[in-house]
Amino acid sequence: MKTRLLFLGPPGAGKGTQAALLCESSGMKHLSTGDLLRGEVAAGTELGKEAEALMNRGELVSDALVLAIVESQMKSLGGPGWLLDGFPRTVPQAEALEPLLAELQQPIEAVILLELDDAVLIERLLGRGRADDNEAVIRNRLVVYREKTAPLIKFYRDKGLLISVPAHGSVEAITQQIREVLS
Ligand code: AP5
């Protein structure tokens, strides 16, 4: 199975859910920039204070701030593989990731794109109720996704790494499809 992975897709597509399941069963390291940023917010760090207002509006945190967090985490990537969830989220982040992975001699093996209709995404997120899960903020997250993150679809397709997986259906059925495309 491929074990150096990126998960790409709109908010609510199930990136975090599927990443946690795959990493639990395979031993891959799960690196979620959303979780790392929420950890900084909860700990009340300077970085967390800077990120919180942006996250609560559904805007992206600056590339520089995210890269500062990710770079220190990347040093410990290894073992049975890794899965980056929610990062990279902009073309500059993807470009900055390349020399880091080259230095580690650990190229990406696959980019999984989880795709789902907006109506289902919004329903799922309203059902979850995180601080950034109210309808106005969710709609802004979708706009930001299309403007800043969706260009990564072409970026990784052009590198021959992109694999699309429909993200509707049960959690278990989607996990199974992801396993199949990675085998
Ligand atoms: P982040 O935490 O990455 O949030 P997101 O991309 O908006 O994604 P979500 O966590 O909302 O959705 P998901 O696809 O992981 O779905 P999940 O599995 O949770 O980022 C949050 C914020 O942090 C950003 O807005 C930004 O401000 C900042 N940030 C993070 N990374 C950044 C970066 N690299 N650069 C700049 N800023 C960054 O599922 C959603 C819900 O659906 C759950 O309740 C789940 O139980 C349910 N569900 C999942 N699968 C199914 C299914 N098959 N059927 C029914 N329900 C399901």
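Here is a walk through this structure, from its sheet to its cores, one ring pair and two loops. Keep in mind that the model is predicted.

Let's begin with the sheet. Five strands make up an open sheet, and reading across you meet them in the order S2-S3-S1-S4-S5, with parallel pairing. Look at the two ends of that order: strand S2 (29–32) and strand S5 (162–166) each have a single partner strand, so one side of each is left without a neighbour in the sheet. The sheet isn't flat like a board either, since neighbouring strands are turned by 20° against each other on average, direction ignored. If you'd like a general picture of what holds such strands side by side, strands of a sheet pair through backbone hydrogen bonds, either parallel or antiparallel.

Now zoom in on one pairing. Strand S1 (residues 4–8) runs parallel to strand S4 (residues 110–115), and four bridges join the two. Within this pairing, leucine 6 has valine 111 of S4 standing opposite.

Helices pack on this sheet too. Helix H1 (residues 15–26) touches S1, S2, strand S3 (82–85) and S4, and its direction makes about 170° with that of S3. Helix H9 (residues 171–182) also packs on the sheet, touching S1, S4 and S5, and its direction makes about 155° with that of S5.

Next, the inside. In soluble globular proteins, nonpolar side chains tend to be buried together. Here, the largest nonpolar core has 31 residues, and those touching the most other members are Leu6, Leu37, Met74, Leu97, Ile108, Val111 and Tyr156. You may recognise Leu6 and Val111 as the residues standing opposite each other in S1 and S4. Several elements give two or more residues to this core: S1, helix H3 (46–57), helix H4 (63–74), S3, helix H5 (91–104), S4 and helix H8 (151–158). Which element gives the most to this core? That's H4, with six residues.

Leucine 97 is a good place to see the core's connections. Setting aside neighbours within four places in sequence, leucine 97 is in contact with Leu6, Met74, Leu84, Phe87, Pro88, Ile108 and Tyr156. There's also a second, separate core of 23 residues, with Phe7, Ala19, Met28 and Ile138 among them.

Tyr156 brings us to the rings. There is one aromatic pair by the rule used here. The rings of phenylalanine 155 and tyrosine 156 have their centres 4.9 Å apart and their planes at 80°, so they count as edge-to-face. Both phenylalanine 155 and tyrosine 156 are buried. Phenylalanine 155 has another partner as well: lysine 159 lies over the face of its ring, 4.9 Å from the ring centre.

Finally, two loops. Glycine 12 sits in the loop between S1 and H1. Is glycine 12 buried or exposed? Its relative accessibility is 18%, and because buried means under 20%, glycine 12 counts as buried. Beyond neighbours within four places in sequence, glycine 12 is in contact with Leu116, Leu121, Arg124 and Leu125. Glycine 12 and glycine 169 are 157 residues apart in sequence, with their C-alpha atoms 13 Å apart in space.

Alanine 167 is found in the loop between S5 and H9. At 0% relative accessibility, alanine 167 counts as buried. Not counting residues up to four places away in sequence, alanine 167 touches Ala13, Leu114, Glu115, Leu116, Arg124 and Ile174. Leu116 and Arg124 are thus contacts of glycine 12 and of alanine 167.

Definitions and conventions: Residues numbered from 1 in each chain as written. Predicted model: local features only at pLDDT ≥ 70, side-chain atom pairs only at ≥ 80, totals over all residues. Heavy atoms only, no water. Phe/Tyr/Trp six-rings, centres within 6.5 Å; stacked < 30°, edge-to-face > 60°. Buried < 20%, exposed > 50% of the residue type's maximum accessible area, 1.4 Å probe, protein only. Lys NZ or Arg CZ within 6 Å of the ring centre and 35° of its normal. Pairing = 2+ DSSP bridges. Axes fitted to C-alpha atoms, helices over the stretch in contact; angles between N-to-C directions. Contact = heavy atoms within 4.5 Å. Core = buried A, V, L, I, M, F, W, Y, C linked by side-chain atoms within 4.5 Å.
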